Protein chains: 4
Amino acid sequence: MVDGHGRGRPRSESARAAVLHAVDDLLVEVGYAALTMKGIAERAGVGRQTVYRWWSSKAEVLYEASVLDARQELSVPRSDDPRKDVEAYLDALVAFLARSHAGAAYRALMGEAQHDPDVAALLASRDILGESAADVVDAARAACGTALSSEQATALLIGPAFFHVLSGRDVDGIDTTALAEQFMRVLEAP
Amino acid sequence: MVDGHGRGRPRSESARAAVLHAVDDLLVEVGYAALTMKGIAERAGVGRQTVYRWWSSKAEVLYEASVLDARQELSVPRSDDPRKDVEAYLDALVAFLARSHAGAAYRALMGEAQHDPDVAALLASRDILGESAADVVDAARAACGTALSSEQATALLIGPAFFHVLSGRDVDGIDTTALAEQFMRVLEAP
Amino acid sequence: MVDGHGRGRPRSESARAAVLHAVDDLLVEVGYAALTMKGIAERAGVGRQTVYRWWSSKAEVLYEASVLDARQELSVPRSDDPRKDVEAYLDALVAFLARSHAGAAYRALMGEAQHDPDVAALLASRDILGESAADVVDAARAACGTALSSEQATALLIGPAFFHVLSGRDVDGIDTTALAEQFMRVLEAP
Amino acid sequence: MVDGHGRGRPRSESARAAVLHAVDDLLVEVGYAALTMKGIAERAGVGRQTVYRWWSSKAEVLYEASVLDARQELSVPRSDDPRKDVEAYLDALVAFLARSHAGAAYRALMGEAQHDPDVAALLASRDILGESAADVVDAARAACGTALSSEQATALLIGPAFFHVLSGRDVDGIDTTALAEQFMRVLEAP
DNA sequence: GTATAAGCGAGACGGTACGTCTTGTCTTGGC
DNA sequence: GCCAAGACAAGACGTACCGTCTCGCTTATAC
């Protein structure tokens, strides 16, 4: 009992992995609406109670399955040029939101959060987009000496692309170079 | 057969109104997730078939019931000062997205659109936010002689506030005056 | 609306028949313990709600499916000789309890009634065995001028065979001629 | 290894007693239908595996917990008057079947035996009712010089009361004096 | 005025996911 | 090797909603 899980059979790591794998597959195959706890359990070859024991909703499973991927996809290397970093980040953001597997999960959860307080709380527990942008935003703010708060700058950076994708506009119409330039212009204002 | 509906009993306007009224009430009372076609029909005192006859999903009913009202909430009077108009529009936008009844319906549908192509098509059939911003955006563009396209400017105007609200951030933290200024600064760039 | 079922789609007689047929088949195939509402519905090609709508438990379905058969199997023609009628009834009773399809259902329900008050009430609503014996019992009582009440005579007639079968004794060891003679001897007592 | 249990920790007598005690309590509190192996284990403060290790079903636990006690409830002292002994036995039988704690367990198992061959075999392994009646039946048979076999006489003695109780008839309506007289009359027949 | 036709409320239909429950087994650490 | 704890796969429970259907009734136009 070194790991504090008390007595009894320990949690099956293989069952956990099978569930997370299954939910990943199913999201692509059937979409979020047709994703069900029953379907996840059956696809994972796992009892339904086992899924309910560790996750309380399909949103929670999806969140755990995708959040790690999301953080990785949204991390971009830093360079000496803040403007270039901003543009690279915007490229990664658009790729994530519009084309990535994990991004589809994120959009589904963000959507669900609009009418389910539990999902909203889940997403709020980890501000995936905000965190991913924090480094590049702070570097740009420091370089420009702007008066904008970190939160204002983050919304300014992410907002336009976020709105573009979530409102269903054509993703190819996004000019990240221009977005980066606009962002820097605001930060450089006296 | 003056109105082209052929023979047979004409559609009941009172049933239509009862359904739209019921869906409005129910959204507030039980939320989008618990909104069901069955519940709408029962609340409206209407047969379920009658609801299905005219709308194919709860999203369609909600769209007709609430979202179309959004346009009036988002229309702001024009003045001679584009900057003031931009700020007034942003105030209306934030009030709509974060505090309005119709805005809650809009956010629910926008969320649903992230994983339901039918709802996405429904929302795409009329770009409510983009249309509402068109006048003020075009006026500002004309006044500043910017190189930004209408679509770029729209995303720049709406995006930050949109992201702020949909990502669950504190609504009171939105400074529309600052957002308007940032927007104008980008448009005024050489 | 002549038959009082009010408005709405009328009950499907084919669904009712399919359920009763299915429960009959399943009792034989899988036994009472493995009989489930889910199984009945699936076997009948019927929604589960449809079964629950008209019967509240597997016991009720089984009761409705078997009671008519039971009454028919237990009815014996009357003759002029009460002793012969008594013996004929006992033959029918033993055949029903020990060898009949409907009798298996009856024994299952009688067993369930020992620990389920709802099933007990269901069986009490129609005293199948008592009713079936009433004619022959009353005729014998009239012929003998006994002091035994109808209920006493019924228990005396049915009891020994009933106990023999339900306690798991060998059915072939039942001598209905002897049982009939014993019964008549008690009735003929001064 | 003097007591034949081989190596390893010996069976815990306290666990065994706790299980039997728990099943006794639970039968009264929740009834047979709601009695579960899980519930028994939890009530006894015992692992589920421990219950399964020594009994294979709730019927077996119940049998060991209650039904074996039945023998003492059904044993009546012998006198010189077979008729009085018969009546005393019938009084004990009715009290057991209809009012005793152990009798409730017996009726539950008898019922279960009607649709579960394992339970039927369990009950058949020891003919509790028949054994309890053997002495009084044999004494009466000897005193009367009847032609009835032991099995026939047993069914005649027990059957009417057994049927009366198990068919849900009013227990207070049983006249054991009359039943004893009827039984003796048949035995005394030429 | 009398068909004909379509809409209406009601509610049953077959289907299927929900979240909970019990089953019997398995896997820990502790005694 | 037994024990308590508790996770495991399996699958039934009874409820809810899905979208469709079938009723009798109502309300129109068309003949």
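This passage describes how the chains of a predicted model meet.

The contact between chain C and chain D is considered to begin with. Chain C supplies 34 residues to this contact, and chain D supplies 34 residues. About 3,000 Å² of area is buried between chain C and chain D. Carbon and sulfur atoms give 64% of that area. On the side of chain C, the residues that lose the most area to chain D are Gln114(C), His115(C) and Phe163(C). Together, these three residues account for 22% of what that side buries.

Charged and polar groups also join chain C and chain D. The count of salt bridges between the two chains is three. One of them links Asp127(C) to Arg169(D). In this salt bridge, the closest N and O atoms are 2.4 Å apart. That distance falls within the 4 Å limit used for a salt bridge. Six residue pairs are in polar contact between chain C and chain D, counting pairs with both residues at pLDDT 80 or more.

Helices of chain C contribute to the side that touches chain D. Those giving two or more residues are helix H6 (101-113), helix H8 (128-144), helix H9 (150-166) and helix H10 (176-187) of chain C. H9(C) provides the largest share, with twelve residues. By class, the side of chain C that touches chain D holds 17 nonpolar, ten polar and seven charged residues.

The arrangement of chain A and chain B was examined next. Chain B can be laid on chain A with an RMSD of 0.3 Å. The operation is a turn of 180 degrees, with a shift of 0.0 Å along the axis. The two copies are therefore related as by a two-fold rotation axis. Among the residues of chain B, Gly111(B) comes closest to this axis, its C-alpha lying at 1.6 Å. Of the interface residues of chain B, 100% are also interface residues in chain A, so the copies meet through the same surface.

Aromatic rings were also paired. Over all chains, the structure holds ten aromatic pairs. One of these is formed by Phe163(A) and Phe162(B), whose ring centres are 5.0 Å apart. Their planes stand at 75 degrees, so the pair is edge-to-face. The angle is decisive because planes over 60 degrees apart count as edge-to-face. This pair crosses between chains. Phe163(A) lies in helix H9 (residues 150-166) of chain A, and Phe162(B) lies in helix H10 (residues 150-166) of chain B.

Definitions and conventions:
Residues numbered from 1 in each chain as written. Chains lettered and ligands numbered in written order. Predicted model: local features only at pLDDT ≥ 70, side-chain atom pairs only at ≥ 80, totals over all residues. Heavy atoms only, no water. Contact = heavy atoms within 4.5 Å. Buried area = accessible area lost by both parts, 1.4 Å probe. Salt bridge = Lys/Arg side-chain N within 4 Å of Asp/Glu carboxyl O. Polar contact = N/O pair within 3.5 Å; in protein donor to acceptor, adjacent residues only side chain to side chain. Helix = DSSP H or I, 4+ residues; strand = E, 2+ residues; numbered from the N terminus. Nonpolar A, V, L, I, M, F, W, Y, C, P; charged D, E, K, R; others polar. Least-squares fit on C-alpha atoms with pLDDT ≥ 70 in both. Phe/Tyr/Trp six-rings, centres within 6.5 Å; stacked < 30°, edge-to-face > 60°.
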